[in-house]
Amino acid sequence: MSVTSPLGTILKSPNNFAPVLRSEPTAANATATLTAEQVATGYITSTSAAPTTLTLPTGTLLGQRLQAVRGTVFDLFIDNTAGASTVTMAVAVNGIISAAATAGAGAGFGLLTVPAGVTGQACFRLMFSSATAYTFTRVA
């Protein structure tokens, strides 16, 4: 079973756990500020040979695109497996880096960098505290 939402097609998982969002990935192969539309795909790829910093849009723009309210949670996957250098994530106005990220907690958890190559995948969670502000942290 699938349902169409403003974010794409949501597939009901076979075991009735959280829905799986299927979307076309967005390529981000150079340092840039991502658009709300790019982030809304939920899946960003990078094949850059140079270090790349990807900055998220403002909380206002992202909140509008995701139709966020307080309590909205959105996962963003970064795939740097075809890249040749590190991708670093950054936030814009009304994006708050979580305490786990600023503390540099544990191996991988909280880190804002995604290495290149076979281990170059990460999942980041955006948790909205209002329609225009979010906290950003790495969860995988």
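Contact here means heavy atoms within 4.5 Å. Keep that in mind for this walk through a predicted model, in which local features need pLDDT of at least 70, side-chain atom pairs count only at pLDDT 80 or more, and totals for chains, interfaces and linings use all residues. Residues are numbered from 1 along each chain as its sequence is written, and side-chain values use heavy atoms, with hydrogens and water left out.

Let's start with Ser85, which sits in the loop between E8 and E9. Setting aside neighbours within four places in sequence, Ser85 is in contact with Ser48, Ala49, Ala50, Pro51, Asn80 and Ala116. Is Ser85 buried or exposed? Its relative accessible area is 15%, so Ser85 is buried (buried is under 20% relative accessible area, exposed over 50%, partly exposed in between, using a 1.4 Å probe and protein chains only).

Now for the whole chain. It has three helices and 13 strands; these are DSSP runs numbered from the N terminus, helices being H or I with at least four residues and strands E with at least two. Of the chain's 140 residues, 39% count as buried. The accessible surface is about 7,100 Å², and 61% of that belongs to carbon and sulfur atoms (areas come from the Shrake-Rupley method with a 1.4 Å probe, and for residues only the protein chains shown count as cover). Among contacts between residues at least 6 apart in sequence, 61% join residues at least 24 apart.

Next, a sheet. Four strands make an open sheet in the order E5-E7-E9-E11, with mixed pairing. The edge strands are E5 (32-33) and E11, each pairing on one side only. Two strands pair if DSSP finds at least two bridges between them, and here are the pairings:

| Strands | Bridges | Direction | One bridge pair |
|---|---|---|---|
| E5 and E7 | two | parallel | Thr33 and Thr55 |
| E7 and E9 | four | parallel | Thr52 and Val87 |
| E9 and E11 | two | antiparallel | Val87 and Val114 |

Val87 turns up twice: Thr52 is its bridge partner, and Val87 also stands opposite Val114 in E11. In a regular strand the side chains alternate between the two faces of the sheet. Strand E9 (residues 87-90) has a covered face with Val87 and Met89, and an uncovered one with Thr88 and Ala90.

Met89 leads us to the largest nonpolar core (a set of buried Ala, Val, Leu, Ile, Met, Phe, Trp, Tyr and Cys residues joined through side-chain atoms within 4.5 Å). Which of its 24 residues touch the most other members? They are Leu56, Leu76, Met89 and Leu126. Helices H1 (36-40) and H2 (59-66) each supply at least two residues of this core, and so do strands E8 (73-79), E9, E12 and E13. The largest share, four residues, comes from E12. Leu126, leaving aside its neighbours within four places in sequence, is in contact with residues including Leu56, Leu62, Leu76 and Phe136.

Finally, the rings. There are two aromatic pairs in the structure. In one of them, the rings of Phe124 and Phe136 have their centres 5.0 Å apart and their planes at 10 degrees, so this pair is stacked (Phe, Tyr and Trp rings, the six-membered one for Trp, pair if their centres lie within 6.5 Å; planes under 30 degrees apart are stacked, over 60 edge-to-face, the rest tilted). Phe124 belongs to strand E12 (residues 121-130) and Phe136 to strand E13 (residues 133-138), 12 residues apart. Both Phe124 and Phe136 are buried.
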